[in-house]
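Trainee: I would like to go through this structure and ask how each label is earned.
Mentor: Good. Bring it up and ask.

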Amino acid sequence: MPVSTYLVVALGAVVAGFVQGLSGFAFGLTALSIWAWVIDPQLAAVLAVSGAFTGQVIAAVSVRRGFEPGRLAPFILGGLAGIPLGVLLLPRLDADWFKMLLGLLLVVWCPTMLLARNLPRITAGGRLADAAVGLGGGMMGGLGGFTGVLPTLWCTLRRYERDVQRSVIQNFNLAMLSVTLATYLAAGLVTRATLPMLAVILPAMLVPTLLGTRIYLGIGEVAFRRLVLGLLTVSGLALVSASAPRLLQRAGRPISTAFVGEHPVDSAGR
């Protein structure tokens, strides 16, 4: 690969590492928005999972506030059950329409939450509801890799204090990414060809991730809530932009490569 490709991959790792360190999630979303222009989608997905896993380990060690095993357990148990369900549903579900509808929901709902300060706090459902959200997050991991979207939105609706919310999202994603990475390794997707890229992204993301965690420690509740809802809105836009070209293509309409780049994110792209 040309040197310019490695530079773009390093840039994506730097930006994504910082975002993940600051928010506790969104490495794959951020990195793939940059990497999709220069590398193959399958390679990008493997790198995104590897980088996100590494970033979550760093962040989990750096930011240990708000950790409550009892609160986290239902999310993880649900998520672990959801991953194989998502994998089973994948060949039977219209993934493009799934991403489009979920993306539109996030694009509409998250800005509404940003603008409306007095939305009621959701308290119903208890641990059973948390497990159901974890199940949905795990299924979305199996379907398209966005494990953190539903738990993040749910924690925001629950109005968890920022350290508790970050702990839930961070550790949930770490557990789901561990399973996903193990699956990739077992399937032989992490090949020798990926090693040079991994040697680029892992060192490149280290300092930005630590910097993001340091900045997180200094921001308040309101700023963190705005950050999370903003990133969820971007997640929605990414889902829509990934699915819309495919739906247009299926409808027989031409697609402008300027809209998605030369290498659009595939059905496993995050």
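What follows is a dialogue about a predicted model.

Trainee: What is the secondary structure of the chain?
Mentor: The chain has 11 helices and 0 strands. From the N terminus on, the elements run α-α-α-α-α-α-α-α-α-α-α.

Trainee: How much of the chain counts as buried?
Mentor: Of the 270 residues, 50% count as buried. As for contacts between residues at least 6 apart in sequence, 84% join residues at least 24 apart.

Trainee: What makes Asp 130 and Arg 158 a salt bridge?
Mentor: Their closest N and O atoms are 3.0 Å apart. The cut-off is 4 Å between a side-chain nitrogen of Lys or Arg and a carboxyl oxygen of Asp or Glu. The pair is within that limit, so the name applies.

Trainee: Which parts does that pair tie together?
Mentor: Asp 130 lies in helix H6 (residues 126–143), and Arg 158 in helix H7 (residues 149–158). The parts tied together are 28 residues apart in sequence.

Trainee: Are Asp 130 and Arg 158 buried or exposed?
Mentor: Buried means under 20% relative accessible area. Asp 130 has 5%, so Asp 130 counts as buried. Arg 158 has 5%, so Arg 158 counts as buried too.

Trainee: How many salt bridges does the rule give?
Mentor: The count comes to 3. One of them joins the side chains of Arg 71 and Glu 68, at 3.0 Å from N to O. Another joins Asp 163 and Arg 162, at 3.7 Å from N to O.

Trainee: Why does the Asp 163 and Arg 162 pair still count at 3.7 Å?
Mentor: The limit is 4 Å, so a pair at 3.7 Å passes.

Trainee: Why are Arg 71 and Glu 68 called partly exposed?
Mentor: Partly exposed is the range between under 20% and over 50%. Arg 71 has a relative accessible area of 28%, so the label fits. Glu 68 is at 32%, so it fits there as well.

Trainee: And what about Asp 163 and Arg 162, buried or exposed?
Mentor: Asp 163 has a relative accessible area of 12%, so it is buried. Arg 162 is at 8%, so it is buried as well.

Trainee: What makes Tyr 216 and Phe 224 an edge-to-face pair?
Mentor: Two tests. The ring centres must lie within 6.5 Å, and edge-to-face needs planes over 60 degrees apart. Here the centres are 5.4 Å apart and the planes are at 70 degrees, so the pair is edge-to-face. Both Tyr 216 and Phe 224 are buried.

Trainee: How many aromatic pairs does the search of the whole structure find?
Mentor: The search finds 2. Phe 27 and Trp 35 form an edge-to-face pair, with 6.2 Å centre to centre and 70 degrees between the planes. Both Phe 27 and Trp 35 are buried.

Trainee: Which residues of H2 meet H3?
Mentor: Phe 27, Gly 28, Leu 32 and Trp 35 of H2 do. Their partners in H3 are Ala 44, Ala 45, Leu 47, Ala 48, Gly 51 and Ala 52. By class, this contact has 8 nonpolar, 2 polar and no charged residues.

Trainee: At what angle do helix H2 and H3 pack?
Mentor: Helix H2 (residues 27–35) and H3 pack at about 145 degrees, with axes 9 Å apart. The crossing is right-handed.

Trainee: How do H3 and H9 cross?
Mentor: The axes of helix H3 (residues 41–62) and helix H9 (residues 195–216) come within 9 Å and cross at roughly 35 degrees. That crossing is right-handed. The contact includes Leu 47, Gly 51 and Ile 58 of H3 and Leu 198, Met 205 and Thr 209 of H9. By class, it has 11 nonpolar, 7 polar and no charged residues.

Trainee: What makes Arg 159 worth a remark?
Mentor: Most residues other than glycine have a negative phi. Phi of Arg 159 is near 60 degrees, a positive value. Arg 159 lies in the loop between H7 and helix H8 (162–186). Its relative accessible area is 29%, so Arg 159 is partly exposed.

Trainee: Last one. What does Arg 250 touch?
Mentor: Leaving out residues up to four places away in sequence, Arg 250 touches Asp 94, Asp 96 and Trp 97. Arg 250 is found in helix H10 (residues 221–250). At 48% relative accessibility, Arg 250 counts as partly exposed, because exposed means over 50%.

Note on methods:
Residues numbered from 1 in each chain as written. Predicted model: local features only at pLDDT ≥ 70, side-chain atom pairs only at ≥ 80, totals over all residues. Heavy atoms only, no water. Axes fitted to C-alpha atoms, helices over the stretch in contact; angles between N-to-C directions. Helix = DSSP H or I, 4+ residues; strand = E, 2+ residues; numbered from the N terminus. Left-handed = near helix turned anticlockwise from the far one by under 90°. Contact = heavy atoms within 4.5 Å. Nonpolar A, V, L, I, M, F, W, Y, C, P; charged D, E, K, R; others polar. Buried < 20%, exposed > 50% of the residue type's maximum accessible area, 1.4 Å probe, protein only. Phe/Tyr/Trp six-rings, centres within 6.5 Å; stacked < 30°, edge-to-face > 60°.
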